[in-house]
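Let's take a look at a sulfur bridge and then at a residue elsewhere in the chain. Keep the sequence and the 3D view open as you read.

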Amino acid sequence: QVQLVESGGGLVQAGGSLRLSCAVSGRTYITIHMGWFRQAPGKEREFVGVISWSGESTYYADSVKGRFTISRDGAKNTVDLQMNSLKPEDTAVYYCAARYRSYNRWPVQANEYDYWGQGTQVTVSS
């Protein structure tokens, strides 16, 4: 079992920045990738980015590339999502997720992940 708890969501003006954190606990040794997803009301859960558990590699959706950065703090067992130049279209509930299964490509679909946090709301005002 892996437990994930997101924090750091809130209200921010367009063009502003926000940093989300995902605290990871439990059987972290099984984790291979940590992903970030977001979901707006009435929309499908959307891939944001992913980081290898080692923290050596990252991959981002085109919609956030250059604006969002994922990082890992191994000592604290947290995975952070730094969001800059926020747009109203970024408004959503943001989730962190863990995948422990083997892979041969970046996991970019929600059903490729095994554990999920409860999410944290991010609202970007116009």
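## The handedness of the bridge

Look at how the S-S bond of Cys22 and Cys96 is twisted: the torsion about this bond is about 65 degrees, so the disulfide is right-handed. Keep in mind that you're looking at a predicted model. The sulfur of Cys22 sits 2.1 Å from the sulfur of Cys96, and this pair makes up the one disulfide that the structure holds.

## What the bridge ties together

Which strands does the pair link? Cys22 belongs to strand E3 (residues 18-26), while Cys96 belongs to strand E9 (residues 92-99). With their positions 74 residues apart, the two cysteines link distant parts of the chain.

Are these cysteines buried or exposed? Buried means under 20% relative accessible area. Cys22 has a value of 0%, so Cys22 is buried. Cys96 also comes out at 0%, so Cys96 counts as buried too.

## Over to Val124

Now find Val124, which is part of strand E11 (residues 120-125). The relative accessibility of Val124 is 5%, so this valine counts as buried as well.

What does Val124 touch, once you skip residues up to four places away in sequence? Its contacts are Val12, Gln13 and Ala14, plus Leu86, Lys87, Pro88, Asp90 and Thr91.

Compare that with Val108: Val124 and Val108 are 16 residues apart in sequence, and their C-alpha atoms are 24 Å apart in space.

Methods
Residues are numbered from 1 along each chain as its sequence is written. This is a predicted model: local features need pLDDT of at least 70, side-chain atom pairs count only at pLDDT 80 or more; totals for chains, interfaces and linings use all residues. Side-chain values use heavy atoms; hydrogens and water are left out. A disulfide is a pair of cysteine sulfur atoms within 2.5 Å. Helices (H or I, at least four residues) and strands (E, at least two) are DSSP runs, numbered from the N terminus. Buried means under 20% relative accessible area, exposed over 50%, partly exposed in between (1.4 Å probe, protein chains only). Contact means heavy atoms within 4.5 Å.
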